[in-house]
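Me: I am new to this structure and would like to know how its labels are earned. Could you take me through them slowly?

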Amino acid sequence: MSIPLPDYFTPHVALVRDYGAGGGMGGGYGAAREVRGFSEDDQKAVAGNDGAEVTSSAQHHVNFDEVVPLGSLVTIWPGLTGEREARVVAIKRGQHPDLPAFQTLYLE
């Protein structure tokens, strides 16, 4: 079991619409749900799901046990002037036995 992030590490709320593969009919998105985390705007080059380099314009850091599939849509800064929705192009996970564990959702 991982140690969750303390509340003061997750001051932001993002809206997540989980991507679900739909078989032969293609995929779709679920209803929006709130996911606490820490949002930041920061451009980085990351390897996408297919291994190609993609530019990530923002990241949302969440608890290690949060399930957000690649391809999901995440709205950061909801209700603020910087609000935008972006697709999850990569996910990084970090876990240590004595420290809080986290995931970083890299947003397109």
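Reply: Gladly! A polar contact is a pair of N or O atoms within 3.5 Å; within protein, one must be able to donate a hydrogen and the other to accept it, and residues adjacent in sequence count only if both atoms are side-chain atoms. This is a predicted model, where local features need pLDDT of at least 70 and side-chain atom pairs count only at pLDDT 80 or more, while totals for chains, interfaces and linings use all residues. Residues are numbered from 1 along each chain as its sequence is written, and side-chain values use heavy atoms, with hydrogens and water left out.

Me: What does the side chain of glutamine 103 reach at 3.1 Å?

Reply: The backbone oxygen of asparagine 63. That 3.1 Å is within the 3.5 Å limit, so the pair counts as a polar contact. The side chain of glutamine 103 also reaches the backbone oxygen of glutamate 66, at 2.5 Å.

Me: Is glutamine 103 buried or exposed, and how do you know?

Reply: Buried means under 20% relative accessible area, exposed over 50%, and partly exposed in between (1.4 Å probe, protein chains only). Glutamine 103 has 4%, so it is buried. Its place is in strand β8; strands (E, at least two residues) are DSSP runs, numbered from the N terminus. Leaving aside neighbours within four places in sequence, glutamine 103 is in contact (heavy atoms within 4.5 Å) with residues including His60, Phe64 and Ile91.

Me: Why does tryptophan 77 get the label it has?

Reply: Its relative accessible area is 18%, so tryptophan 77 is buried as well. It sits in the loop between β6 and β7, and its phi is near 55°, a positive value in a residue other than glycine.

Me: What makes tyrosine 8 and phenylalanine 9 an edge-to-face pair?

Reply: Rings of Phe, Tyr and Trp (its six-membered ring) pair if their centres lie within 6.5 Å; planes under 30 degrees apart count as stacked, over 60 as edge-to-face and the rest as tilted. Here the centres are 4.8 Å apart and the planes are at 80°, so both conditions are met. By this rule the count comes to two aromatic pairs. At 65% relative accessibility tyrosine 8 is exposed, whereas phenylalanine 9, at 40%, is partly exposed.

Me: How do you know that β1 and β4 pair?

Reply: Two strands pair if DSSP finds at least two bridges between them. β1 and β4 (residues 33–47) have five, in the antiparallel sense, so they pair. Histidine 12 has glycine 37 in β4 as its bridge partner, and leucine 15 has glutamate 34. Three bridges also join β1 to β6, again running antiparallel, with valine 16 bridged to valine 74.

Me: Which residues touch the most other members of the largest nonpolar core?

Reply: A nonpolar core is a set of buried Ala, Val, Leu, Ile, Met, Phe, Trp, Tyr and Cys residues joined through side-chain atoms within 4.5 Å. Of the 13 residues in the largest one, Val16, Val68, Val74, Ile76, Val88, Leu105 and Leu107 touch the most other members. At least two core residues each come from β1 (12–17), β5 (53–63), β6 (73–76), β7 (84–96) and β8 (99–107). Apart from this core lies another, of five residues, among them Val46, Val54, Val89 and Tyr106. Valine 46 and valine 54 are also bridge partners.

Key: Helices (H or I, at least four residues) and strands (E, at least two) are DSSP runs, numbered from the N terminus.
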